[in-house]
Amino acid sequence: MKLTQTVLLAVSLLCLGACAHSSKLQAKAAEVKMQSSYASVNGLKLYYEIYEPTEGLKNPVPLLLLHGGGSTIESNWAKFIPLIAKHRKVIAMEEQGHGHTVAIDRPFTFDNSAHDAAALLDYLKIDKADVMGFSNGGTIALRVAHFAPNKVNKLVIASAQYRRDGMFKGFWDGMNKASMANMPKELLAADRKINPDPKHQEQLFLQDSRRMQGFKDIPEKEIKSITAPTLVLLGDQDAITVEHALRMSRTVQHGRLAVLPGTHGSYIGEVAATPSENSKMPEATAIVVSEFLDLR
């Protein structure tokens, strides 16, 4: 089958040595510096971190990272940030009720999180950014592109769906029966480092599982309206089907597709999915993403 405006990549790369990472996501001091703070947006004290290369920007457009469900910046992006931030400014946030961002009395929805992400860019006085989201963060990134198209330069949608039929067979049955015991222990441990109260992990599970259980298809016309160049990214053994990823890449106006060997999140080094501490896939993914974002 001929793929138009689609790149299908089966990547197996040997990259030069892995960066050293600390629990604070500190890359080599000579390459990346980090600062963290809170932004007052939409009633939240939204936690964010900014990473900047110490030796100048190759790409002047900042990259906003949106984590997946149940995650923190560290658990989702610890291996990826030091690789992608060597030549660009990277901003990572923790959405409502995750990590350092305390939950408020407000519906926990993909749309609300998208408005928070756009508000963070306003708070930081950033007119336009590239946006990359993983899993639930990818769905949020699609909503950012819909609600605030003027703020999005390019999109990277990693392992995310916009239709319920985009998930592997049996996913929704499992989601509807999910319990706290199903939450990956790595995600619970990462949250516990920030929030030691066990009630926080329970609330985290409840809000994220309920949001997914109530997921409704995003209208096709809203996906078609996305004009930002979009890279749809996933693993070949992902929770999202390759067929759905291909459909998304063809539905947005300027879509590309990259299929990497791996599972849901393994290719970015997400803590609950990384097959091996020595895996070079995050480096391979950083190359693919950087090539896409740097292309003029």
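The following paragraphs describe the overall architecture of a predicted model, then the packing of two of its helices and the surroundings of two individual residues.

The secondary structure of the chain comprises 10 helices and eight strands. Of the 296 residues in the chain, 54% are buried, and the accessible surface that the chain exposes amounts to about 13,300 Å², with carbon and sulfur atoms supplying 54% of that area. When contacts between residues at least 6 apart in sequence are considered, 77% of them join residues that lie at least 24 apart.

Two packed helices are described by the angle between their axes and the distance between the axes. For helix α3, which spans residues 110-123, and helix α4, which spans residues 136-147, the axes come within 8 Å and cross at roughly 65°. Because angles of 65 to 115 degrees count as roughly perpendicular, α3 is accordingly roughly perpendicular to α4. The crossing in which α3 passes α4 is right-handed. On the α3 side, the contact is made by Phe110, Asp111, Ser113, Ala114, His115 and Ala117, while α4 contributes Asn136, Thr139, Ile140, Arg143, Val144 and Phe147. Classified by residue type, this contact of α3 with α4 has six nonpolar, four polar and two charged residues.

Helix α3 also contains Asp116. With a relative accessibility of 1%, Asp116 counts as buried, because the cut-off for that class is under 20%. When residues up to four places away in sequence are not counted, Asp116 touches Val41, Asn42, Leu44, Leu46 and Arg106.

Lys128 is placed in the loop between α3 and β5, the latter covering residues 129-134. The relative accessibility of Lys128 is 40%, and this residue therefore counts as partly exposed, a class that lies between the limits of 20% and 50%. Although Lys128 and Asn153 are 25 residues apart along the chain, their C-alpha atoms are separated by 6.0 Å. Asn153 is also one of the residues that Lys128 touches once residues up to four places away in sequence are set aside, the full set being Val61, Pro62, Asn150, Lys151, Val152 and Asn153.

Taken together, the two residues provide a contrast in accessibility: Asp116, at 1% relative accessibility, counts as buried, whereas Lys128, at 40%, counts as partly exposed.

Definitions and conventions:
Residues are numbered from 1 along each chain as its sequence is written. This is a predicted model: local features need pLDDT of at least 70, side-chain atom pairs count only at pLDDT 80 or more; totals for chains, interfaces and linings use all residues. Side-chain values use heavy atoms; hydrogens and water are left out. Helices (H or I, at least four residues) and strands (E, at least two) are DSSP runs, numbered from the N terminus. Buried means under 20% relative accessible area, exposed over 50%, partly exposed in between (1.4 Å probe, protein chains only). Contact means heavy atoms within 4.5 Å. Accessible areas come from the Shrake-Rupley method with a 1.4 Å probe; for residues, only the protein chains shown count as cover. Axes are lines fitted to C-alpha atoms, for helices over the stretch in contact, and angles run from 0 to 180 degrees between N-to-C directions. Angles under 35 degrees count as roughly parallel, over 145 as roughly antiparallel, 65 to 115 as roughly perpendicular and the rest as oblique. A crossing is left-handed if the near helix is turned anticlockwise from the far one by less than a right angle, and right-handed if clockwise. Ala, Val, Leu, Ile, Met, Phe, Trp, Tyr, Cys and Pro count as nonpolar, Asp, Glu, Lys and Arg as charged, and the others, Gly among them, as polar.
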